[in-house]
Amino acid sequence: AAPNGAAAPNTVAAPNALGAAAPNHTASPMCTLGCEAELTAYAAADEASLLALASLQAPAAPVDASRAPLELVAVMDRSGSMSGQKMTLMKQTLSLLIERTGLQAQDSLGIVTFDHEVQVALPLTKMDQAGRRAARAAVDAVCVGGTTNLSGGLLQGLQMLCESDEASRERADDAADGEDAVVVGGGGGATRSLLLFTDGHANADITDGGALVAAAQAQLKDHPALAIFTFGYGGDHDEDALRGLAECSKGLFYFIEQPDAIPVAFADCLGGLSSVVCQNATLELRPAGGRHATAKIAKVLDAKTYQTFLAPHGAKATLSLGDLYADDEKDCLLRLSLAALDAPRDAPGAVLAATLRYYSAANTRHAR
């Protein structure tokens with residue numbers, strides 16, 4: 001028992017100690033679910049109130065070995081004209097790109113930002129879990145700056161893809177000649193595209209739309225397979241320049257005015273939002289122990305985030321999480337009320353049971 005007569009029926013010594021249901025083991029990875037609490041012990045004679053957290057992680061998307069890996073460079077305009085709603089929409093777009101478009105560990109993403117200065121915020125990075133975290137951090141760090149050196153950002157992004165393409169060709173030539181090729185990044189056979197996010201108002205370096213298109217064409221001369229997709233923000237964006245850049249490389253132009261336009265654009269240019277791994281996920285939380293339960297669910301603090309039903313007397317909470325995407329991480333914060341005990345207990349015990357139910361897209365069946 002804990003010092004001063006404190007009992008530890010609610011100790012959380014490791015994940016799932018609050019009673020999270022263990023995932024079923026099948027051919028494809030399943031969701032993982034765990035719970036933890038803020039207290040390791042409380043006085044047996046007193047009631048207690050504590051915060052608890054149920055956390056889940058969706059599995060990675062199944063790797064589609066039949067498609068070539070993607071190499072994408074996102075070029076983000078952070079100039080003063082992108083302030084306000086435009087910046088918010090652009091960050092939402094990049095978040096969707098990172099989290100929802102089915103990028104796999106074999107795919108790579110780079111991020112370039114520009115105002116009057118051009119910065120490589122993220123070199124071409126594999127989109128495994130660590131790569132996604134790095135990409136999210138790079139996007140979160142983008143803030144509004146000064147004037148708009150659109151050509152500088154565009155040409156820097158194209159240079160990253162062209163260098164990767166050239167390195168891939170050299171490796172292929174070495175392999176054909178029977179030389180020992182050092183493979184870096186595995187970019188052979190990759191589909192390479194630049195995604196330009198801007199309102200198109202260039203006012204530094206190359207400012208003429210026609211000259212900007214000519215500069216892009218010159219850089220792409222030896223790399224005809226590279227495509228430029230342009231995303232215009234705000235009703236005052238320079239559509240002619242953005243459409244010209246897309247058309248000169250067999251890419252496409254998209255106008256992003258509202259958040260609803262973002263999934264449609266990616267579904268078109270990247271072939272669909274393919275990373276849904278769990279459908280209609282529902283998280284059920286209930287006090288452990290049945291009639292002998294020592295806890296009640298006092299409040300679900302994420303009720304505005306998820307559609308939530310709390311049963312009378314804190315007997316059960318049900319949260320509708322909707323669809324889960326590959327590597328999704330979701331947390332549910334709640335407050336538990338713990339009853340006083342007749343006597344201290346030496347061993348920790350579970351006070352909350354958590355069960356996750358969903359339809360597994362990979363296994364084509366319901367799971368828990």
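Here is a walk through two sheets, a pair of helices and one more helix in this structure.

Keep in mind that this is a predicted model, where local features need pLDDT of at least 70, side-chain atom pairs count only at pLDDT 80 or more, and totals for chains, interfaces and linings use all residues. Residues are numbered from 1 along each chain as its sequence is written, and side-chain values use heavy atoms, with hydrogens and water left out.

Let's begin with a sheet. Strands of a sheet pair through backbone hydrogen bonds, either parallel or antiparallel. Helices (H or I, at least four residues) and strands (E, at least two) are DSSP runs, numbered from the N terminus, and two strands pair if DSSP finds at least two bridges between them. Four strands make an open sheet here, in the order E2-E4-E15-E12, and their pairing is antiparallel. At its edges you'll find E2 (32-37) and E12 (295-300), each pairing on one side only. Ignoring direction, neighbouring strands of this sheet are turned by 30° against each other on average; axes are lines fitted to C-alpha atoms (for helices over the stretch in contact), with angles from 0 to 180 degrees between N-to-C directions. Look at E4 (residues 48-57) and E15 (residues 329-338): they are antiparallel partners over 10 bridges. Leu56 sits opposite Lys330 in E15.

The other sheet is open too, with five strands in the order E13-E14-E11-E16-E17 and antiparallel pairing. E13 (307-310) and E17 (365-367) are the edge strands with a single partner each, so one side of each has no neighbour in the sheet. Its twist averages 20° from one strand to the next. E13 and E14 (residues 317-325) pair over four bridges, and Gln307 stands opposite Ser320 in E14.

Now for the helices. The axes of H1 (residues 85-100) and H2 (residues 129-140) come within 10 Å and cross at roughly 180°, which makes H1 roughly antiparallel to H2 (the label for angles over 145 degrees). Their contact (heavy atoms within 4.5 Å) involves Lys91, Leu94, Ile98 and Glu99 of H1, and Arg132, Ala135, Arg136, Val139 and Asp140 of H2.

Finally, find H6 (residues 261-269), where Ile262, Ala265, Phe266 and Cys269 are buried (under 20% relative accessible area, 1.4 Å probe, protein chains only). Why do they share a side of H6? They cover an arc of only 95° around the axis (taken from the directions from the helix axis to the C-beta atoms), which puts them on the same side. Covering these buried residues are, among others, H1 and the strands E8 (191-198), E9 (227-233) and E10 (253-256).

Note on methods:
Parallel < 35°, antiparallel > 145°, perpendicular 65-115°, else oblique. Buried < 20%, exposed > 50% of the residue type's maximum accessible area, 1.4 Å probe, protein only.
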